Amino acid sequence: MTGALSGLLVADFSRVLAGPYATMLLADLGADVVKVERPGAGDDTRAWGPPYGPGGEATYFLGVNRNKRSIALDLRADVEVARALAARADVLVENFRPGTMERLGLGYDALRELNPGLIYCSITGFGSGAGAGLPGYDLIAQAVGGLMSVTGEPDGPGTKAGVALVDVITGLHAALGILAALRHRDRTGKGGRVSDGQTSGGGEGQRVEVSLLSSILSALTNHSSAYAAAGVVPRAMGNRHPSIVPYEVFETADRPLVIAAGNDRLFQALCETLGRKDLAEDTRYATNAGRVAAREALVTELNAALRERPADEWFGLLTAAGVPCGPINDLAAAFALADGLGLEPAVELGGVGQVANPIRLSATPPSYRRPPPELGEDDAWVREILGP
């Protein structure tokens, strides 16, 4: 079976998370990704353990580098090999500090002379202008980008998300930008690689730029919109929603339960299932705006009713009534739920467990062809395709 991106060669000069996550998604969809790594150490995440996989490799690295080939290059000593790879590639992804690739002779302006159809994706922390010198770490982006200000308890310090969420979101934006640029290249020609100094086809490449800061501002969606459209600066509210009630974590007889009753109909169904139709009939709670205004009183009443039964029992009753709800699972329970629902959340590749690609395509589904590579294991293959 041919993947949707089969035939595309991606030169992956990125490391750690945002870039490798983006290139893994492209690889899952069929692209041939060559991961360029430092000799000796390779990608930083190879050493980011524990935990470690069955072969002793850090699970951090294993999680974002399947379906790739690895070549070890010193970008100063082996710059001509790197340039040859870029000339052969359809897509190049890099997340060095702005200016680094230019100093190495691998910047966009230099490489588009070799390969006019190249899609050149740069991932930065804070852009290539005034923020070029700022270090692009996810934790820093969560802090200065506003995410920590809306995460955690109202009277507590800012809290980071439990995963490097800004890196992941930025990787998704990078992959989307690359696909848009490839579509543009398709419309303007049939490629643009160079062979013996001559262009083949006239497809127009371009530079794609994404940053951690811009990505998290976009991903904060309703919070960012509150500020951009109304000048409202949102604050942390714990597990509560600023605009919807009830939409938070509630107490039960044994453990917490999340309930998300996002409209009047769902609120009425919730109250009926709890045996509290009187709450649905109370004029204070007749509309969502009223429920937001009377949040404290309503939540107190709902908690009292929910504490009468255990979470799993309420989960069954409320789900049957069409009320969105669920217990707070750990990852083991989350994988078990996905597996029980037939979502096939995990695959095994080369003896290594992997999280399945979440994209479902009916004609060209993601594939799992190669386990995460050993450092430099594909040097010979890459040099062969590049020729003398």
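## A first look at the chain

Of the 388 residues in the protein chain, 45% count as buried, where buried means under 20% relative accessible area, exposed means over 50% and partly exposed lies in between (1.4 Å probe, protein chains only). This is a predicted model, in which local features need pLDDT of at least 70, side-chain atom pairs count only at pLDDT 80 or more, and totals for chains, interfaces and linings use all residues. Residues are numbered from 1 along each chain as its sequence is written, and side-chain values use heavy atoms, with hydrogens and water left out.

The protein chain holds 16 helices and 13 strands; helices (H or I, at least four residues) and strands (E, at least two) are DSSP runs, numbered from the N terminus. Along its principal axes, the C-alpha trace spans about 80 × 45 × 40 Å. Contact here means heavy atoms within 4.5 Å. Among contacts in the protein chain with a separation of 6 or more, 68% come from residues 24 or more positions apart.

## Surface and charge

The accessible surface of the protein chain is about 19000 Å², and 55% of that belongs to carbon and sulfur atoms. Such areas come from the Shrake-Rupley method with a 1.4 Å probe; for residues, only the protein chains shown count as cover.

The protein chain carries 35 positive and 45 negative side chains. Lys and Arg count as positive and Asp and Glu as negative, while His and the chain ends are not counted. The centres of the two sets lie 4 Å apart, with each charge placed at NZ of Lys, CZ of Arg, CG of Asp or CD of Glu.

## The nonpolar cores

In soluble globular proteins, nonpolar side chains tend to be buried together. A nonpolar core is a set of buried Ala, Val, Leu, Ile, Met, Phe, Trp, Tyr and Cys residues joined through side-chain atoms within 4.5 Å. The largest such core has 25 residues, and those with the most contacts inside it are Phe-13, Leu-75, Leu-85, Leu-92 and Leu-106. Two or more residues each come from E1, E2, helix H3 (79–88), helix H5 (108–114) and helix H16 (379–386). The largest share of this core, five residues, is from H3.

To explore this core, you could begin at Leu-75, which touches Phe-13, Val-36, Ala-82, Phe-96, Leu-104 and Leu-106, not counting residues up to four places away in sequence. Apart from this core lies another, of 22 residues, including Val-93, Ile-119, Ile-123 and Ile-178.

## Helix H1 and its surroundings

Helix H1 (18–28) follows a loop that starts after strand E1 (9–12). Eleven of the eleven residues of H1 are buried, so this helix is largely enclosed by the rest of the structure. Among the buried residues are Tyr-21, Met-24, Leu-25 and Asp-28. The buried residues of H1 pack against E1, E2, strand E3 (68–72), strand E4 (91–94), strand E5 (119–124) and helix H7 (165–188). Just after H1, Gly-30 takes a positive phi of about 115°.

Val-16 sits in the loop between E1 and H1. Its phi is near 75°, a positive value in a residue other than glycine. Val-16 is buried, with a relative accessible area of 18%.

## The loop between E2 and H2

Two cis peptide bonds follow one another here: Gly-49 to Pro-50 has omega near 5°, and Pro-50 to Pro-51 also has omega near 5°. Pro-50 lies in the loop between strand E2 (32–37) and helix H2 (59–62), and Pro-51 is found there too.

Thr-45 belongs to this loop as well and is buried, with a relative accessible area of 0%. Leaving out residues up to four places away in sequence, Thr-45 touches Val-16, Ala-58, Tyr-60 and Phe-61.

## Further along the chain

Thr-221 is found in helix H9 (residues 221–230). Phi of Thr-221 is near 35°, a positive value in a residue other than glycine.

Val-323 lies in the loop between helix H14 (311–320) and strand E11 (325–327), and is buried at a relative accessible area of 2%. Not counting residues up to four places away in sequence, Val-323 touches Ile-259, Leu-266, Ala-269, Leu-270 and Leu-318. The C-alpha atoms of Val-323 and Gln-268 are separated by 9.5 Å, although these residues are 55 residues apart along the chain.

## Cysteines

How many disulfides are there? The count comes to zero, a disulfide being a pair of cysteine sulfur atoms within 2.5 Å. The sulfur of Cys-271 is 14 Å from the closest cysteine sulfur, in Cys-325, which is too far for a bond. Cys-271 is buried, with a relative accessible area of 0%.
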